[in-house]
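The following paragraphs walk through a two-chain model, moving from single residues to larger arrangements. Please keep the sequence and the coordinates at hand while reading.

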Amino acid sequence: MADAVINDMSILIGGDAGQGIESSGAGLCQAFARGGLQVFAMQDYRSRIRGGHNFYQLRLSERPMYSHSNPVHLVLALTAEAVPLHIDNIAPGGAVIFPEGLELDEETCKERGVQCFAMPLASIAEEHGSRIMTNTAALGAAAGVCEWPLSYMEDIIHQNFQAKGPGVVESNLAVAQAAYDLARQRYATAFRYKLQPLDAPPRMLINGNEAISLGALAGGCRFISAYPMTPATSIIEWMAALPPELGVVTKHAEDEIAAVCMAIGASYAGARAMTATSGGGFSLMVEALGLAGMTEVPLVVVEAQRGGPSTGLPTRTEQADLLFVINASQGEFPRLVLAPGTVEECFEAAWRAFNLAERYQCPVIVLTDQFLATSLRTLEKEAIDFSSVIIDRGELLSAEQLESLEDGYRRFAFTDSGISPRAIPGHPKGVYAAASDEHDEYGHITEEIENRRRMMDKRMQKLGAAAREIRPPKRYGPDQADLTLVCWGSACGPCREAVDLINSDGGSANLIHFSDLWPFPAEETASMLDACRRTVAVEQNYTSQLARLIRMSTGRSVDRTVNKYDGRPFSPEDIVDELR
Amino acid sequence: MVTKVDARTYDTTVEITWCAGCGDFAILRALKLALADLDIAPHEVLIVSGIGCGSKLPDYMNANGYMTIHGRPLAVATGAKLANPDLHVLVVNGDGDGYGIGGNHFVHTCRRNPNITQIVENNQIYGLTKGQYSPTSDAGFITTTSPDGAIEAAFNPMAIALAAGATFVGRSFSGEPKHMAEIIARGITHQGYALIDVLQPCVTFNRVNTYAWYRERIYHLEEEQGYDPSDRTAAWIKAQEWGERIPVGVIYQAEGVPTYEEQVRAMEGGSPAGRLLELAKASPTEEYDRLKEQFV
């Protein structure tokens, strides 16, 4: 056997929907994370409840990771179909663990240097517990061949099954132990990829949706109305499961139009309110987005993109809604668009979005996608730092300020900044009516020419002030490089790992990543791009929407584009291959 | 009783753009009377409307108002009510807004039962777009979009509200502003969602359903011997009546049904708007930190 590779591998669990792929994967993630390893885990699933191939891909390392990586080193194949689907993505020297009796194309495996580890998973499960514990046996076997201490698995078994009673826990423990022992005894010597626990502080395992939810909560959001839509649904679900004492009102609305309108109503009445959806639901919200823009009501919308158009690829990833969200709704009004690239950025973008929405009294869209929303990553607990969160409600009139008003309240007063001090309904001096029609300073409907011109100027002027809060793109890697990758949002992770791969292979690359996209940071972008030798826009879409936005805003063109629109996220290796 | 408001408190100097004789004037008048009668001050009420002639009403009242987009005021109002249940939240919109484009929100608001009162200005036509047939236009009604007469059966708001679970279903007529003020006041006092459909002639575009047409047909339920609005079966029969005889008054009222917002556990300790005022001063970072443990 070649030298052992320690704590640097990927494991893939593949099987049919309904076979417990997700819960098995999540259990493994927890076991490794509690043993001090860093974990990055990606889910690949279909838009159906039962049947069809699903997989869960975990990458394990001693250093933080920002993406999955290919090829994998160990495949747990719960169905025969899983093997041909993934055989091309198994590293030489890697292995497939599969239930004994499954018909496998062992010839092909051998040709590719992939080892076949047959395991009597079902009979182990039956002997020590019951057949439904086959997944437990598979996980035990995986730990066995990697020689990862079973105790970490045992903790997870206790945690996951204790509600079902001590008998179920005991049986699962026995199944895991038996599979572990047999796999280790039969195959551990032949398998070079090993995992060893490290002494590390306990880390969180968290995905983008969860980080956004935590950020929104810390940012004072106490109202979310939404309509279930993959991959955004887990945001309202997470909020709904919070202890009621925290006071987060969640409303599963009758449709996305109601969802966004409820959030607008709640915000108008003084709450920090949000909605979360994907592109299809956002399409329905578009008219109301203009309502928030016109009536200057703060609004936070999370748009977790998936493959489009129309129903598209409901459970898969894409970055094809960028130009849509920047331009959505008729007419012109200010809005901000944030596109976090990592879970840390998701947390920050969420609370920041509420401050920006209240400061500029307009919609703020947080644009993510399925890959970022659902991929799990280990994260230091300190990275979610609640003490860093600021709640800044912008120009909001206090009761005392309202009390001292003399000539009536002008909700839409013309000001130098374009921002008119806001009153929350409920104070005798703060009474006003807002209208989606053009209106005067008091809010009354008018079509008068001079007023229209000044009101448009007033509203659009806010964008100039907001632009000063927009963050320029971040550079990753050396200041100067032969090749500069340019990306936005979730492509950040695979791109930065691609940069590392290129540089460790003797190449010269760096990355420019955009997390704030509107108002577009044109000046900084232009000067950063002017300093680059060769640029490549790497986007998970067909039409290179960021590259077009850059050209529109700066007159600069990127030299090349790399696009992926098959619904599967870029891996760092995909990007490197494309650039070869 | 010392009252703080009379109906004039709600007056504004804004020019009203409705046609002379429009049934909406009576609704504006009745709403002011009802609010004054209940001693609700302008800052204690929020009137949400959609788009259409009647949805301009908040512009003509000195009160918190929000003229939103076509068909959506119930959803906006529901959000506002959940954010601050202390506000008296009303929705005022037309039949196209409320029953056509907003039909989905209407049905779901009925079964949701928020403490919101909706007044539908039902003139059986689209006025602001100059005379197209509406969901409540009777079959055969000739307009620019139904030149051969409307083919669909008319939408029956009373029956649909009842079927969908509304806890207060009432009807009034623009020719009787005092009666309307009473019904509106009862709707506002009702704990839960109240629908008040107001027969409101469009004097410009609807030459069929005129003041005279309605006057010939309406009769008052409160004058019906033994009519009990809490009797759901009796209400269902009254809700079907249209044509020769049209009942006005409270068709149905179920008392004691908890409102939506009363049942939201997260609102027991305060409203979202109220809590935010506290959070802006100090955040419970220790409670938040405990949430992190679920991810470890």
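Glu147 of chain A is a convenient place to begin: Glu147(A) has 19 C-beta neighbours inside 10 Å and therefore counts as partly exposed, since the buried class begins at 20 such atoms. The model is a predicted one, and within it Glu147(A) takes a positive phi of about 55 degrees although it is not a glycine. Its place is the loop that links helix H5 (134-146) to helix H6 (150-161) of chain A. A second non-glycine residue with positive phi is Ser329(A), for which the angle is near 90 degrees; Ser329(A) sits in the loop between H12 and strand E14 (336-338) of chain A, and because 19 other C-beta atoms lie within 10 Å, Ser329(A) is partly exposed.

The backbone of chain A also contains cis peptide bonds. One of them joins Gly308(A) and Pro309(A), with omega at about -5 degrees, and Pro309(A) belongs to the loop between strand E13 (299-305) and helix H12 (322-327) of chain A. Another joins Trp518(A) and Pro519(A), where omega is about 0 degrees; here the proline lies in the loop that runs between strand E21 (516-518) and helix H18 (522-530) of chain A.

Strand E13(A), which precedes the loop of Pro309(A), offers a contrast in setting to the partly exposed loop residues. Seven of the seven residues of E13(A) are buried, so the strand is largely enclosed by the rest of the structure. The burial applies to both faces, with Leu299(A), Val301(A), Glu303(A) and Gln305(A) on one side and Val300(A), Val302(A) and Ala304(A) on the other. E13(A) runs parallel to strand E12 (residues 272-277) of chain A, to which four bridges join it, and within this pairing Thr277(A) has Glu303(A) as its bridge partner.

Ser515(A) lies in the loop between strand E20 (509-514) and E21 of chain A, and with 22 other C-beta atoms within 10 Å this serine is buried. Leaving aside residues up to four places away in sequence, Ser515(A) touches Leu338(A), Ala339(A), Pro340(A), Gly341(A), Glu345(A) and Arg471(A).

How do the two chains meet? In total, 53 residues of chain B are in contact with 60 residues of chain A. On the chain B side, the elements that contribute two or more residues are strand E2 (64-67), H2, helix H4 (103-112), helix H9 (272-279) and helix H10 (285-292) of chain B, and the greatest contribution comes from H2(B), with eight residues. By class, the side of chain B that touches chain A has 28 nonpolar, 15 polar and 10 charged residues.

Helix H2(B) can be followed further into its contact with chain A. The axes of helix H10 (residues 256-268) of chain A and helix H2 (residues 73-83) of chain B come within 6 Å and cross at roughly 45 degrees, and the two helices are therefore oblique to each other. The crossing is right-handed. In this contact, residues of H10(A) including Ile257(A), Cys261(A), Met262(A) and Tyr268(A) meet residues of H2(B), among them Val76(B), Thr78(B) and Leu82(B); the residues of the contact divide into 14 nonpolar, three polar and no charged.

The chains are also linked through a sheet. Three bridges join E17(A) to E2(B), and these strands run parallel, with Ala435(A) opposite Met67(B) in E2(B). This pairing forms part of an open sheet of nine strands with mixed pairing, in the order E17(A)-E2(B)-E1(B)-E3(B)-E4(B)-E8(B)-E7(B)-E10(B)-E9(B). Its edges are strand E17 (433-435) of chain A and strand E9 (218-220) of chain B, each of which pairs on one side only, and neighbouring strands are turned by 20 degrees against each other on average, direction ignored.

At the chain B edge, E9(B) pairs with strand E10 (residues 246-253) of chain B in the parallel sense over three bridges, and Ile218(B) stands opposite Ile246(B). Helix H8 (residues 232-240) of chain B packs on the sheet and touches E7 and E10 of chain B, its direction making about 150 degrees with that of E10(B). Helix H6 (residues 177-189) of chain B lies across strands E3, E4, E7, E8 and E10 of that chain, running at about 165 degrees to E7(B).

How values were computed. Residues numbered from 1 in each chain as written. Chains lettered and ligands numbered in written order. Predicted model: local features only at pLDDT ≥ 70, side-chain atom pairs only at ≥ 80, totals over all residues. Axes fitted to C-alpha atoms, helices over the stretch in contact; angles between N-to-C directions. Parallel < 35°, antiparallel > 145°, perpendicular 65-115°, else oblique. Left-handed = near helix turned anticlockwise from the far one by under 90°. Contact = placed C-beta atoms within 7 Å. Nonpolar A, V, L, I, M, F, W, Y, C, P; charged D, E, K, R; others polar. Pairing = 2+ DSSP bridges. Buried ≥ 20, exposed ≤ 12 C-beta atoms within 10 Å, placed from the backbone.
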